[in-house]
Amino acid sequence: MATYLELKAKAEELLKQAEQVRQEEIAGVVADIKEKIQEYGITAADLGFSGFGRKVAKSMSKTSNVEPKYKGPNGELWSGRGRQPVWMKEAIDQGKNKEDFAI
């Protein structure tokens, strides 16, 4: 009877093989789709992709009227919302406090 570690190694090897076969199959499917698109002159609109990115772009382009709460050492501004800027992360890593940059 196989040990747990032997079975685990076999499972990992099978997962690698499955992913390789998957990638090969995807490449074949993509090539087939590209051929059909070329052959029939299919457009993104024909496939229902027309305007796909527009809604996302509209929502992302909205500007907010949030006042900045923090000012970086080189005049960078941050509202305190969203992803923490690199300059703030670096300052915190150097032992500074977020409130040291409060406006």
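Two residues are in contact when heavy atoms of theirs lie within 4.5 Å. Keep that idea in hand as we walk through this predicted model.

**A residue to start with**

Let us try the idea on S79. Which residues does S79 touch, once its neighbours within four places in sequence are set aside? They are V66, E67, P68 and K69. One of these pairings can also be followed along the backbone: S79 and E67 are 12 residues apart in sequence, and their C-alpha atoms are 6.0 Å apart in space. S79 sits in the loop between strand 2 (77–78) and helix 3. Is S79 buried or exposed? Its relative accessible area is 17%, and buried means under 20%, so S79 counts as buried.

**The chain as a whole**

Now step back and look at the full chain. It has three helices and two strands, and from the N terminus on they follow the order α-α-β-β-α. Of the 103 residues, 9% count as buried. The chain exposes about 9200 Å², with carbon and sulfur atoms supplying 55% of that area. Among contacts between residues at least 6 apart in sequence, 30% join residues at least 24 apart.

**Helix 1**

Helix 1 covers residues 4–40, which makes 37 residues. At 1.5 Å a residue it should span 54 Å, and its end C-alpha atoms are 53 Å apart, so the two values agree. After helix 1 comes G41, with a positive phi near 65 degrees. K36, a residue of helix 1, touches both G41 and I42, leaving out residues up to four places away in sequence.

How many salt bridges are counted here? The count comes to one. It joins R22 to E19, with the closest N and O atoms 3.2 Å apart. R22 and E19 are three residues apart in helix 1, so about one helical turn separates them. An α-helix has 3.6 residues a turn, so residues three or four places apart point the same way.

Here are four residues of helix 1 side by side; each of them counts as partly exposed.

| Residue | Relative accessible area |
|---|---|
| E19 | 36% |
| R22 | 44% |
| I33 | 44% |
| K36 | 36% |

**A nonpolar patch on the surface**

I33, found in helix 1, also belongs to a nonpolar surface patch of about 650 Å². The other members of this patch are V29, I37, Y40, I42, L47 and F49.

**The nonpolar core**

In soluble globular proteins, nonpolar side chains tend to be buried together. Where does this chain have its largest nonpolar core? The core has six residues: Y70, W78, W87, M88, A91 and F101. Helix 3 (residues 86–93) gives the most to this core, with three residues.

W78 is a good core residue to explore in the viewer. Leaving aside residues up to four places away in sequence, W78 touches Y70, W87 and M88, which are fellow members of the core. Its contacts also include P68, K69, R83, Q84, P85 and K98. P68 and K69 may look familiar, as both are among the residues that S79 touches.

Note on methods:
Residues numbered from 1 in each chain as written. Predicted model: local features only at pLDDT ≥ 70, side-chain atom pairs only at ≥ 80, totals over all residues. Heavy atoms only, no water. Helix = DSSP H or I, 4+ residues; strand = E, 2+ residues; numbered from the N terminus. Expected span 1.5 Å × (residues − 1). Core = buried A, V, L, I, M, F, W, Y, C linked by side-chain atoms within 4.5 Å. Buried < 20%, exposed > 50% of the residue type's maximum accessible area, 1.4 Å probe, protein only. Patch = residues over 30% accessible without salt bridge, like charges linked within 9 Å, V, L, I, M, F, W, Y side chains within 5 Å. Areas by Shrake-Rupley, 256 points an atom, 1.4 Å probe, with all protein chains shown as cover. Salt bridge = Lys/Arg side-chain N within 4 Å of Asp/Glu carboxyl O.
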